[in-house]
Amino acid sequence: TILLNVMTNWRNLSNAWLKDFLPSPSATTTTKDLRPSITNAIEKTLPLLREDPTSVPFLCRYRAEVIEPLTTKQVHQLRDYIQKYDSLSSLRTKILSHLQNNNSTDGGDSSATKLRVETSISKSELEDIYAPFKPPFKGSLEDRIRTEYPELVNLIDELWKNKGRMDDSSGNKIMKKGTIYPKDKAVTLLANRIAGDVGVIDAVMERCHDLCKIQVKGVNATKTKNDTGKNGRKTAGKENGGSKTYEIYNDYNNKLNYLKDHQILAIRRGCDQKMLKITFELDNNRFERIINSVLSKQQHVMHPLYHDAISDAWSRLLRKRCTSRLWKESCKRAEERAVDVFCNNLRKALLAPPADMTNRKAMLVMDPGFQSGIKCAILSDEGLVISLDTVKFMNSAKDNGKQHVISLLTKVKCFSGNNDDRGVCVVLGNGHGTREARELLLGAGSEADINVEVNLVSEAGASVWSVTEMASQEFPDQSPTAVAAVSIGRRFLNPLNEL
């Protein structure tokens with residue numbers, strides 16, 4: 001019996017998680033053909049991953065007959081799923097215990113809810129199911145009502161259990177004026193029951209995904225540019241509407257599911273920095289009708305208390321809960337996709353082919369800058385440093401800066417000789433000031449009649465490397481700002497080795 005229950009559990013999990021492992025509709029093989037084989041593979045792989053989560057390499061290499069047709073990435077995903085599933089075991093046990101006790105007392109059938117609890121890996125989903133069984137917080141509105149009117153709680157529980165049906169004697173205790181049970185307390189209790197119903201939550205969340213709009217406002221600064229601080233000095237306060245960094249999002253309005261990942265992350269960052277404030281726009285009447293429709297489908301009779309209770313459940317509980325969860329899920333998805341983009345870009349950078357330095361003995365590397373100047377390094381074809389220099393070119397130093405660059409190009413050309421028709425190899429970081437540095441470089445090359453081959457290289461992380469212990473050991477007498485160009489040049493020569 002135990003073995004049968006375990007096997008049934010794996011089968012339930014594989015059926016519940018199948019949709020996340022099916023190929024995209026654009027794939028050559030039809031999704032319908034792969035359903036049985038993927039389900040079978042998940043069912044066989046799950047117990048192996050539960051026994052040893054670190055066995056993914058072994059399974060992918062030596063147990064291909066078990067995991068096929070799952071890919072290596074899907075096996076890693078399956079391992080993450082089983083770990084999430086195990087992390088929620090205590091909450092799952094509580095819910096199943098309450099469901100079993102509930103069935104034994106009222107004889108109801110909660111098999112669908114039980115299956116959902118046994119296969120879910122979403123903490124939010126499990127908390128929604130657990131909400132009706134969770135005792136109220138001490139000092140909360142329902143806790144105070146339970147203390148003052150314990151019999152009213154029983155009447156509302158009876159009303160909810162009987163789907164809105166109540167005998168006249170019980171109903172008169174609530175609805176008639178001058179009774180001992182205030183109507184607003186009854187509405188609050190019933191609203192809590194409605195807001196804890198899984199069917200209502202699912203329907204409201206589904207429609208929130210489609211209808212929710214986000215309104216972004218810039219937070220007004222406490223000081224403006226013209227404010228003066230102590231000693232009569234002007235303060236560098238932020239402009240009205242928040243920082244200029246988030247100026248594009250001031251008075252921004254759009255559907256939440258239309259936002260791009262970078263927009264979601266930027267708005268969240270602005271909120272964390274107290275520069276932006278977001279509100280969610282939803283049609284209250286429309287969502288109250290949705291709740292009413294769900295309860296009607298559950299065969300609830302619309303008792304006179306229901307109208308006010310539905311309105312209270314939406315405005316006081318469900319609206320904030322759903323919008324908060326929707327925003328949290330949107331941020332999480334945006335973060336995951338941003339990490340995927342970063343990983344893909346990093347993989348391309350690491351696997352970029354080494355530079356072709358045939359017939360070249362040296363190259364000029366430039367780390368762009370403005371006031372601090374362009375940090376330059378002349379490297380050999382093996383990445384050894386020949387010389388370090390700084391070119392100042394701002395304002396009145398522009399002509400001197402051009403002559404300085406000409407001397408550097410001439411020096412590199414002398415090291416390399418005249419054996420290469422491609423010209424002098426120049427590596428330019430693609431950061432702030434790249435356009436100005438490129439114009440200066442091409443102008444110097446044209447004036448000196450030196451052919452220049454410019455190669456743009458990502459300078460991300462070069463500043464970080466320049467302050468590491470490794471950099472300080474190699475260049476003990478140089479400042480960190482002077483040696484960042486070395487990393488840029490070496491990642492051009494051999495990206496995998498340098499990065």
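**A tour from Ser 466 to the cores**

Select Ser 466 to begin: leaving aside its neighbours within four places in sequence, Ser 466 is in contact (heavy atoms within 4.5 Å) with Ala 471, Pro 480, Val 483 and Ala 484. This is a predicted model, in which local features need pLDDT of at least 70 and side-chain atom pairs count only at pLDDT 80 or more, while totals for chains, interfaces and linings use all residues. Residues are numbered from 1 along each chain as its sequence is written, and side-chain values use heavy atoms, with hydrogens and water left out.

Ser 466 belongs to helix H19 (residues 462–466); helices (H or I, at least four residues) and strands (E, at least two) are DSSP runs numbered from the N terminus. Because its relative accessibility is 9%, Ser 466 counts as buried, where buried means under 20% relative accessible area, exposed over 50% and partly exposed in between, with a 1.4 Å probe and protein chains only. Its side chain reaches the backbone oxygen of Pro 480 at 3.4 Å.

Turn next to strand E4 (residues 362–367), where six of the six residues are buried. Ala 362, Leu 364 and Met 366 point one way from E4, whereas Met 363, Val 365 and Asp 367 point the other way. Add strand E5 (residues 374–380), which runs antiparallel to E4 and is joined to it by six bridges; two strands pair if DSSP finds at least two bridges between them. The two strands form a hairpin with six residues between them, and in the turn Gly 373 has a positive phi of about 90 degrees. Now show strand E7 (residues 424–429), which pairs with E4 in the parallel sense over three bridges. Leu 364 is a useful residue to label here, since its bridge partner in E5 is Ile 378 and its bridge partner in E7 is Val 426.

For the interior, select Leu 190, Ile 194, Val 204, Ile 291 and Trp 327, which touch the most other members of the largest nonpolar core, a set of 56 residues. A nonpolar core is a set of buried Ala, Val, Leu, Ile, Met, Phe, Trp, Tyr and Cys residues joined through side-chain atoms within 4.5 Å. Among the elements that give two or more residues to this core are helix H12 (183–195), helix H13 (198–211) and strand E3 (276–281), and helix H16 gives the most, with twelve residues. Centre the view on Trp 327: leaving aside neighbours within four places in sequence, its contacts include Ile 214, Leu 256, Arg 268 and Phe 280. A second, separate core of 22 residues includes Cys 376, Val 391, Val 424 and Val 426.

Finish with the rings. A search of the whole structure finds seven aromatic pairs, counted when the centres of Phe, Tyr or Trp rings (the six-membered ring for Trp) lie within 6.5 Å, with planes under 30 degrees apart counted as stacked, over 60 as edge-to-face and the rest as tilted. Phe 58 and Tyr 62 form a tilted pair, 5.6 Å centre to centre with 45 degrees between the planes, and both lie in helix H3 (residues 56–62), four residues apart, about one turn of the helix. Phe 58 counts as partly exposed at 43% relative accessibility, whereas Tyr 62 counts as exposed at 52%. Elsewhere, ring pairs link Trp 17, Phe 21, Tyr 81 and Tyr 85 into a cluster.

Key
A polar contact is a pair of N or O atoms within 3.5 Å; within protein, one must be able to donate a hydrogen and the other to accept it, and residues adjacent in sequence count only if both atoms are side-chain atoms.
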